[in-house]
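Me: I've got a model open here and want to check how a few of its labels were earned. Can you take me through them?

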Amino acid sequence: MNAAFSLAVVLSLFSGVAYAAAAVAQERLASRSPGAGLLRMLGSGAWWWAVLLNASAALLHVVALKYGPLTVVQPLGALTLVAAVPLGARVAGRRVSAAEWQGTAFTLAGLATLLATASGPAPDDVLSPAEALTVAGTAALLIGLLSRPGARPGLRHATASGLASGVASALTQTVTVAATDRSGPLLSVQVIGVAVLVAAFATGGLLLSQTAYKGGLGGPLAMVTLANPVAAALIGLSLLGEHLQGGATGILTALAGAALAAWGVVLLSRGAPEQPEPSGKAHGRPEPLRRRAPVPPPPPQPEPVDARLVA
């Protein structure tokens, strides 16, 4: 394990914690304002706090991609879920369940196994303009299909968010490597064009995740965590010349680690206890009407007597 690989792992750990804090902040915002639109979110200080956390995590992620391959950096993104579970439980004022601790253990074991097979050299390949456009077009089509109106919008939007984030990471690696290899101009057409695509996919992933968290934190965040490394690893293995260590044995070991991590993610997404249903006012719903006892009519009042008749 060389110094560049170790730096990529450390940066990815800090990035995962920052993403976890951002996810908890987004979920809390979505639960408080389930019907809020984009313009209302832009006027919320909590929303900009979540954006700042996401931006900080993304910056750490970009630097990690400079020193580590996609097959290493992206699986470490599962630590976002591991950190978000206890953080979300603390914010919600509850204890972490036994199933959540088991999921954390399985996820960490799977990640350690994956890292043992994916430890490769620092990245040096980049996507060509044609490859970047092909990846972006295919991803945009899939994201559009997943984001269409219909049933289970939370999980579908979470899958689309993970796909967008994974593609953004792959394109980000192309930008960082191409801009720092000193073999061409710093702001070439390739670098600028791919950077625009990175901004578009990163923004789309952020907005899609905000929509997904309206259905809770565990399930949507688990889907984001799974879809993100899958998308990035497919791009890295097929187009960027990345590979797993150890030949056939390494592939089997990586599959076993992926299975462990996937089972850990499933346990984490299912392990959160059911939260009590808040009052209707907290969710913007009118409270049910309560029947009141009938009020008896007031007794009849005597009619006023004309003073002139008395005289």
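Reply: Sure. Keep in mind that this is a predicted model. Let's start with helix H5, residues 79–92: its 14 residues reach 20 Å from the first C-alpha to the last.

Me: What makes that span close to the one expected for H5?

Reply: The yardstick is 1.5 Å times one less than the number of residues. For H5 that gives an expected 20 Å, and the helix reaches 20 Å, so the two are close. Right after H5 comes Gly93, with a positive phi near 75°.

Me: Which residues of H5 are buried?

Reply: Leu79, Thr80, Leu81, Val82, Ala84, Val85, Gly88 and Ala89. To get that label, a residue needs under 20% relative accessible area. Across the chain, 41% of the 311 residues are buried.

Me: Why are H7 and H9 called roughly parallel?

Reply: The axes of H7 (residues 129–146) and H9 (residues 189–212) cross at roughly 15° and come within 11 Å. Angles under 35 degrees count as roughly parallel, so H7 and H9 get that name. Their crossing is left-handed.

Me: What makes the contact between H7 and H9 mostly a nonpolar affair?

Reply: From H7 you have Pro129, Ala132, Leu133, Ala136, Ala139, Ala140 and Ile143, which meet Gln190, Val194, Leu197, Phe201 and Leu208 in H9. By class, that's 11 nonpolar residues, one polar and no charged ones.

Me: How do you know that the chain's pattern is α from end to end?

Reply: The chain has 12 helices and zero strands, and reading along the sequence gives α-α-α-α-α-α-α-α-α-α-α-α.

Notes. Residues are numbered from 1 along each chain as its sequence is written. This is a predicted model: local features need pLDDT of at least 70, side-chain atom pairs count only at pLDDT 80 or more; totals for chains, interfaces and linings use all residues. Side-chain values use heavy atoms; hydrogens and water are left out. Axes are lines fitted to C-alpha atoms, for helices over the stretch in contact, and angles run from 0 to 180 degrees between N-to-C directions. Helices (H or I, at least four residues) and strands (E, at least two) are DSSP runs, numbered from the N terminus. Angles under 35 degrees count as roughly parallel, over 145 as roughly antiparallel, 65 to 115 as roughly perpendicular and the rest as oblique. A crossing is left-handed if the near helix is turned anticlockwise from the far one by less than a right angle, and right-handed if clockwise. Contact means heavy atoms within 4.5 Å. Ala, Val, Leu, Ile, Met, Phe, Trp, Tyr, Cys and Pro count as nonpolar, Asp, Glu, Lys and Arg as charged, and the others, Gly among them, as polar. Buried means under 20% relative accessible area, exposed over 50%, partly exposed in between (1.4 Å probe, protein chains only).
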